[in-house]
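Biologist: I'd like to go through this model with you and test the words we use for it. Can you put the structure up?

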Amino acid sequence: MTPIVALLYDFDKTLCTTDMEDYAFIPALGYTPAEFWKKANDFGRENRMDGLLAYMYTMIAECRAQNIRLDREFLVRCGHSLELFPGVAEWFGRINAFGRSQGVQVEHYVISSGLREIIEGTAIAKDFTHIYASSFYYNEHGEPCWPAQAINYTNKTQVLFRIEKGILDINDNAVNDHFAEGELRVPFRNIVYIGDSATDIPCMRLVNSLGGHSVGVYDLENTASKDTVRRMIRDERIRYYVPADYTKGSEMDTLMHRIIDKTAAYEVLEEKHLRDRKEAVAKY
């Protein structure tokens, strides 16, 4: 089987320039991003609520209070206005082509606490093998009434094992089954996790510990963003950090080429190892 390299992305401030709700959803409520997030965070603290659930509840409550129809179509439209970092729109096709030239299949996944519906409204949604993100359950009137998925920074790690084993359905408990050597669809050594902040650390640490690659990205126009990833590499949470610039010839582009090259070479050796071992077990 052709070796697979899986590129896993956080979304906010990794592929787009700020939190996805900031572009269109929050302005539609008449709030600034700072005002909305303070309201949501204060509500969560006051009610001892998970921050992710608090912001999803606040979205519903504010739309209801202002008589704004919150439905899937509205959220998808909000995705149309997202501003992507340089080169993101062309990144996927170019990296896929490079992978094929090296005998490697490249796949792309989102693992985000943001909203799946907004991501689905972006031009790049089609480029992902699977989008793992928070989402709403909609009632018979098309209105959100309960979280369908809540992807916080700790349960993101479950997704890594789904990708490793090729069990992508979030409801499929076979992800807990044992897989023997050589049966894993995407071994951790072939996983690259790309993120920007401390909420990505559990995934990054897991990927690092199992032989994969973790990449911190930062906004060139935001000093605090670079300071964050510098602390992450100082504390050995990530292996590399680069600007959030996905254009041809950028640091990110060069780094990913080298990771793919390394993967292609290693997988040739690993295939021989497994073949030789199988032959030896069969004979002796």
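Modeller: Here you go, and keep in mind that this is a predicted model.

Biologist: What makes the radius of gyration of the protein chain agree with a compact globule?

Modeller: For 284 residues, a compact globule would come out near 19 Å, and the protein chain has 20 Å, so the two agree. The C-alpha trace spans about 70 × 40 × 35 Å along its principal axes. As for what fills that space, the chain has ten helices and seven strands.

Biologist: How much of the chain counts as buried?

Modeller: That label goes to 46% of the 284 residues. On the outside, the protein chain exposes about 14200 Å², with carbon and sulfur atoms supplying 50% of that area. Of the contacts with a separation of 6 or more, 62% are between residues 24 or more positions apart.

Biologist: Let's pick one residue. Why is Val186 called buried?

Modeller: Buried means under 20% relative accessible area. Val186 has 0%, so Val186 is buried. You'll find Val186 in the loop between α7 (156-165) and β5 (191-195).

Biologist: What does Val186 touch, leaving aside its neighbours within four places in sequence?

Modeller: Ile4, Ala6, Ile163, Glu164 and Ile191 are in contact with Val186. Leu160 is 26 residues from Val186 in sequence, and their C-alpha atoms are 9.7 Å apart.

Biologist: What makes α7 "mostly covered"?

Modeller: Count its residues: seven of the ten are buried. Those are Lys156, Val159, Leu160, Arg162, Ile163, Glu164 and Lys165. The cover over them includes β1 (4-9), β2 (105-115), β3 (130-138), β5 and α8 (201-209). Right after α7 comes Gly166, with a positive phi near 75°.

Biologist: Now the nonpolar cores. Which residues touch the most other members of the largest one?

Modeller: Phe11, Phe25, Tyr246 and Met256 do, in a core of 57 residues. Apart from that core lies another, of 23 residues, including Ile151, Val186, Ile201 and Ile238.

Biologist: And what is Phe11 in contact with, beyond four places in sequence?

Modeller: Quite a list: Cys16, Met20, Leu82, Val110, Ser112, Ile119, Thr122, Ile124 and Phe128.

Biologist: Over to backbone angles. What makes a positive phi worth flagging outside glycine?

Modeller: Most residues other than glycine have a negative phi. Arg48, which is not a glycine, has a positive phi near 50°. Asn67 isn't a glycine either, and its phi is positive at about 55°.

Biologist: Where do Arg48 and Asn67 sit?

Modeller: Both are in loops: Arg48 between α2 (33-46) and α3 (51-65), and Asn67 between α3 and α4 (72-79).

Biologist: Why is Arg48 called exposed?

Modeller: Exposed means over 50% relative accessible area. Arg48 is at 81%, so Arg48 counts as exposed.

Biologist: How do you know that Asn67 gets that label too?

Modeller: By the cut-off of over 50%. Asn67 is at 72% relative accessibility, so Asn67 counts as exposed.

Biologist: Last one, on charges: how many positive and negative side chains are there?

Modeller: There are 33 positive and 42 negative side chains in the protein chain. The centres of those two sets lie 5 Å apart.

Conventions: Residues are numbered from 1 along each chain as its sequence is written. This is a predicted model: local features need pLDDT of at least 70, side-chain atom pairs count only at pLDDT 80 or more; totals for chains, interfaces and linings use all residues. Side-chain values use heavy atoms; hydrogens and water are left out. Helices (H or I, at least four residues) and strands (E, at least two) are DSSP runs, numbered from the N terminus. The radius of gyration is taken over C-alpha atoms; the globule rule is 2.2 Å times the number of residues to the power 0.38. Buried means under 20% relative accessible area, exposed over 50%, partly exposed in between (1.4 Å probe, protein chains only). Contact means heavy atoms within 4.5 Å. Accessible areas come from the Shrake-Rupley method with a 1.4 Å probe; for residues, only the protein chains shown count as cover. Lys and Arg count as positive and Asp and Glu as negative; His and the chain ends are not counted. The place of a charge is taken as NZ of Lys, CZ of Arg, CG of Asp or CD of Glu. A nonpolar core is a set of buried Ala, Val, Leu, Ile, Met, Phe, Trp, Tyr and Cys residues joined through side-chain atoms within 4.5 Å.
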